[in-house]
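Reader: Could you take me through the salt bridges of this model, slowly and one pair at a time? I would like to know where the partners sit and whether they are buried or exposed.

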Amino acid sequence: MSRLPIMSTKRVLTSSSSENSQDMAPVQKKMRNDQDPQKLHTATTVIGDKRPAAAATASLYRPVRGAGAATVAVAPSRGVPKQVKASSAPKAASVKQQAATKPAGTGPTRRQPWDLKGKVSDMESKIRTYQTKIKSLSEENEVLKGSLAQSKTKAAELEREVESQRREISEFEQEQQRLSGVQSELEKVSSEKNVLHKELSNLEQKYKVNETLRESQEMELQTLKMKQSVQETTMARLQATLKETEELVTSLKETVAHQKDELHAGEMERRRLHNTIQELKGNIRVFCRVRPLEDGGLTKHIQLAPSDNKSIILAKTEESHTGKTADTQKNYHFSFDRVFGPQASQQEIFDEISLLVQSALDGYNVCCFAYGQTGSGKTYTMEGEEVDDTRGVIPRAVQQIFRAGAKLQSQGWEFSFTASFVEIYNETLRDLLYSGKASKRPEHEIRKAANNEVTVTNLTYEKVYSEDQVLGLIALAKQNRSTAQTALNDRSSRSHSVFQLQIEGVNAGRGVKCKSILCLVDLAGSERVVKSQSQGERFKEMTSINSSLSNLGIVITSLANKESHVPYRNTKLTYLLQNCLGGNSKTLMFVNISPEPDSFGETLNSLRFASKMCLMFP
């Protein structure tokens, strides 16, 4: 904001002041010329249709003091001028037009440079003119404010009216929807009415037809009455026939009961003859199985006769010590109850022992265990794989047990099965079906009851009702079994695993019961310590394994010699299996051998051990 100089109304003119006035005249003229256009421009500037507020316009100037007082003229800011409403645009345009069309010679008389008082008077006159204009604009601004307030009030009323109309429209829409539903219901009722009319017409037609039928049926009724008399005569004759038939049925029932007795007697006789056959074959039998090479062939040091499935020859070529003679070949001949070559399938293996599994269902204890060095195929023989063709002895035996038990139900037999899976590791029992925390795993002991039943304390005995349930338990036991790395096999079984299926059969109608145990054992690897290169903890495991296997041979020898004392308690393995080894139980040992030439020594030891069992029970 620039300010004009404040002067007194009385001046004393001197020569010096006159000279100063003359010097200042051009400057003051320039200032006046600069200020007036700016004020005019400020008063007439228009942007859009808005006017500046009255307070903003009024603040550009200050009121002029009365005569005799100092006068101050306030110039507008040198910044961007305030915007005014479009209604002031015509006035500003007219002012500019008058200024442009006014002749140059008709303006006010230019005052002398020394007439400062006159110049101040002119300035005050202009200021009053501008203040009058500002006042007019302020009044106009107030009027516009009032109009704006009225417009807002009206807008609010219009909004309320719009909202009311919207609610009415919503209500109308709801009413329209309801009416449309009523219309559809009306159409539905009309359609049902038409259907009912049609049904009424059909019923009338049917009534006429039924009337005709009634008349015909009355005639037929008379005929039927006549027939009834005939049939009563026939019924009397049939009743006599029925009495004869009932007598025949009673006779047939007696025949069926007699046949059931004969069937039961036949089943018992079958069991007796089956057991006799198994005893003639030997309560302890030894089978030999040769594992195939990776390429499916057979090495030269193992010879199998094509026509003889009970013998095997182990050939060894020895070099001459003197070097003067040719190399010599030494043959070792072994004979077993059955020898299976590398091409033998899992089904072929099981076919040979299925009769022993049947003996378990007949009430005889049966034990089948796989013996041999690590990697010779013991676990594959006993457990196999998940594919049906490669399933081992355990899943196939379970399948046969459940299927044969289901067939015997028609003869009045009911069977219950209880499964358990225990591991013997370093002469310590471990429950392979335990699913709790490892830190809370209980200890187990073998106990023999007064009725000679052998049980294990704290062991999981699971009631099983289907083949799939048993297979699930076998899979769980397989995961929990202890394995460790040796020089012969990266995942060598370092423990004996014993699967036991307790079988209880009851024929309530005949008062017959049977109870037996099927034991399927996968023994630990039988290799020598030097061959397995075991050290430390593995050496301790190998020593325990070989000790239990040696004691197993001692127990079998004692049974063969019919000694009064059989050392079952020497190892946990023989103590657990004592009911399945002696008496009238059936025992089958699978000796598994590896075909690799570097396994010749272990293969020879395994065959000698198995051959010893065969010689004891010819």
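Author: Happy to; here is a walk through the salt bridges, with a short stop at one serine along the way. Please keep in mind that this is a predicted model, in which local features need pLDDT of at least 70, side-chain atom pairs count only at pLDDT 80 or more, and totals for chains, interfaces and linings use all residues. Residues are numbered from 1 along each chain as its sequence is written, and side-chain values use heavy atoms, with hydrogens and water left out.

The structure holds 21 salt bridges, each being a side-chain nitrogen of Lys or Arg within 4 Å of a carboxyl oxygen of Asp or Glu. Let us start with Asp-362 and Arg-271, whose closest N and O atoms are 3.5 Å apart. This pair links distant parts of the chain, 91 residues apart: Asp-362 is in the loop between helix H5 (346–361) and strand E6 (366–372), while Arg-271 belongs to helix H4 (residues 116–281). Helices (H or I, at least four residues) and strands (E, at least two) are DSSP runs, numbered from the N terminus. Asp-362 has 7% relative accessibility and counts as buried, and Arg-271 is buried as well, at 5%. Here buried means under 20% relative accessible area, exposed over 50%, and partly exposed in between (1.4 Å probe, protein chains only). The two also belong to a network of salt bridges that links Glu-267, Arg-270, Arg-271 and Asp-362.

Next come Glu-596 and Arg-291, with 2.6 Å between their closest N and O atoms. Glu-596 lies in the loop between strand E16 (586–593) and helix H13 (600–616), and Arg-291 in the loop between strand E1 (284–290) and strand E2 (302–303), so the pair ties together parts that are 305 residues apart in sequence. Glu-596 counts as partly exposed, at 22% relative accessibility.

The third pair is Glu-348 with Arg-338, at 3.5 Å from N to O. Glu-348 is in helix H5 and Arg-338 in strand E5 (residues 338–340), ten residues apart. Glu-348 is partly exposed at 33% relative accessible area, whereas Arg-338 is buried at 14%.

Now for the serine. Ser-516 lies in strand E15 (residues 512–522) and is buried, with a relative accessible area of 3%. Its side chain reaches the backbone oxygen of Ala-360 at 2.4 Å. Beyond its neighbours within four places in sequence, Ser-516 is in contact (heavy atoms within 4.5 Å) with residues including Ala-360, Gly-363, Tyr-364 and Leu-501.

Definitions and conventions
Polar contact = N/O pair within 3.5 Å; in protein donor to acceptor, adjacent residues only side chain to side chain.
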